[in-house]
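The following report describes one protein chain, going from a single residue outwards to the chain as a whole. Please keep the sequence and the structure in view while reading.

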Amino acid sequence: TTDLFQIREPERQGITALDGTGLIAAQSTGRATWVLVPAPEAAPTAPRQHFVSGTLRYRQEGVLITIPLEQAMITVLPSPRLVVQYFHQRDVHSDDPFTDEIEPAEPFSLGMLIHNEGFGVARNFRITSGQPTIVDNQKGLLVNFEIIATEVAGVGLTPSLTANFGDLLPGDRKVGRWLLKSSLQGLFIDYRAAFEHVD
């Protein structure tokens with residue numbers, strides 16, 4: 001099942017290489033450590049056992065020695081499969097810089113629905129984002145944004161675009177919501193987020 005795993009480059013200590021050209025100095029120890037990252041197919045719906053093995057080869061005084069390594073059993077857990085949908089309010093109501101009157105800023109919403117469609121737990125899932133970015137400001141006007149509320153699953157958090165959703169069990173859905181204010185009116189036209197599996 002090797003093709004169901006990503007095998008990362010090994011970390012070496014006391015050995016110069018692992019491709020057959022490596023040397024271990026006399027009276028010393030060599031060590032190599034591999035990290036195996038399973039693909040979702042390694043345990044699609046339930047924990048699955050795999051066996052890891054290999055072969056150690058080296059030359060000593062011109063003699064090639066080959067030692068098969070004993071199999072070690074590992075248990076791979078199913079992976080989460082996260083689907084993220086976001087919803088945002090297009091019109092941002094605030095002060096119109098082209099009128100003398102100062103119009104009040106109205107909060108605008110950014111919402112997010114996260115669904116774990118996989119069979120594994122997404123542990124300590126969080127979204128971290130920077131401040132809103134102005135993509136078109138032809139007049140070069142000064143604009144300030146304020147995050148006035150952050151909410152996850154109906155619970156208020158410290159106002160921030162970083163939100164911790166906690167663990168998402170298989171089939172779980174959680175909703176996050178942010179309320180923001182802008183010092184000038186405009187349009188909220190896009191939102192992008194990225195998340196990754198942390199091994």
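## A buried histidine and its surroundings

His115 is buried, because its relative accessible area of 16% falls under the 20% that sets the limit for buried residues. The model is a predicted one, and His115 has its place in strand 11. When neighbours within four places in sequence are left aside, the residues in contact with His115 are Arg81, Leu82 and Val83, together with Gly171, Asp172 and Arg173.

## The nonpolar cores

Strand 11, which runs over residues 108-116, also takes part in the largest nonpolar core, a group of 17 residues. Within this core, the members that touch the most others are Ile114, Phe125, Ile127, Phe165, Leu168, Trp178 and Leu180. At least two core residues come from each of strand 11, strand 12 (122-127), strand 13 (145-152), strand 15 (163-168) and strand 16 (173-182), and strand 11 gives the most, with 4 residues. There is also a second, separate core of 5 residues, among them Leu4, Phe5, Ala43 and Val76.

Two of the residues named for the largest core, Phe125 and Phe165, are both buried, and they also need to be considered as a ring pair. A search of the whole structure finds 1 aromatic pair. The ring centres of Phe125 and Phe165 are 5.9 Å apart and their planes stand at 65°, so the pair is edge-to-face, an angle over 60 degrees being what that term requires. The pair links distant parts of the chain, since Phe125 is in strand 12 and Phe165 in strand 15, 40 residues apart.

## Residues with more open surroundings

The table sets out three residues, none of which counts as buried, with their locations and relative accessible areas.

| Residue | Location | Relative accessible area | Class |
|---|---|---|---|
| Leu36 | strand 4 (residues 36-38) | 32% | partly exposed |
| Leu187 | strand 17 (residues 186-187) | 49% | partly exposed |
| Glu101 | loop between strand 10 (91-92) and strand 11 | 57% | exposed |

Leu36 belongs to a nonpolar patch on the surface, which it forms with Ile7, Leu18, Trp34 and Val52, and the accessible area of these residues together is about 420 Å².

Leu187 is brought together with a part of the chain that is remote in sequence: the C-alpha atoms of Leu187 and Asp91 are separated by 4.9 Å, although the two residues are 96 residues apart along the chain. Apart from neighbours within four places in sequence, Leu187 is in contact with Arg90, Asp91 and Val92.

Glu101 counts as exposed because its relative accessibility is 57%, and exposed residues are those over 50%. Neighbours within four places in sequence again left aside, the residues in contact with Glu101 are Asp95 and Asp96.

## The chain as a whole

The chain comes to 0 helices and 17 strands. Of its 199 residues, 23% are buried, and the surface that the chain exposes amounts to about 14,200 Å², of which carbon and sulfur atoms supply 52%. Among the contacts with a separation of 6 or more, 68% are between residues 24 or more positions apart. The pairing of Phe125 with Phe165, 40 residues apart, and the contact of Leu187 with Asp91, 96 residues apart along the chain, can both be read with that share in mind.

Notes:
Residues are numbered from 1 along each chain as its sequence is written. This is a predicted model: local features need pLDDT of at least 70, side-chain atom pairs count only at pLDDT 80 or more; totals for chains, interfaces and linings use all residues. Side-chain values use heavy atoms; hydrogens and water are left out. A nonpolar core is a set of buried Ala, Val, Leu, Ile, Met, Phe, Trp, Tyr and Cys residues joined through side-chain atoms within 4.5 Å. Buried means under 20% relative accessible area, exposed over 50%, partly exposed in between (1.4 Å probe, protein chains only). Patches are made of residues with over 30% relative accessible area and no salt bridge: like charges are joined within 9 Å, nonpolar side chains (Val, Leu, Ile, Met, Phe, Trp, Tyr) within 5 Å. Accessible areas come from the Shrake-Rupley method with a 1.4 Å probe; for residues, only the protein chains shown count as cover. A salt bridge is a side-chain nitrogen of Lys or Arg within 4 Å of a carboxyl oxygen of Asp or Glu. Contact means heavy atoms within 4.5 Å. Rings of Phe, Tyr and Trp (its six-membered ring) pair if their centres lie within 6.5 Å; planes under 30 degrees apart count as stacked, over 60 as edge-to-face and the rest as tilted.
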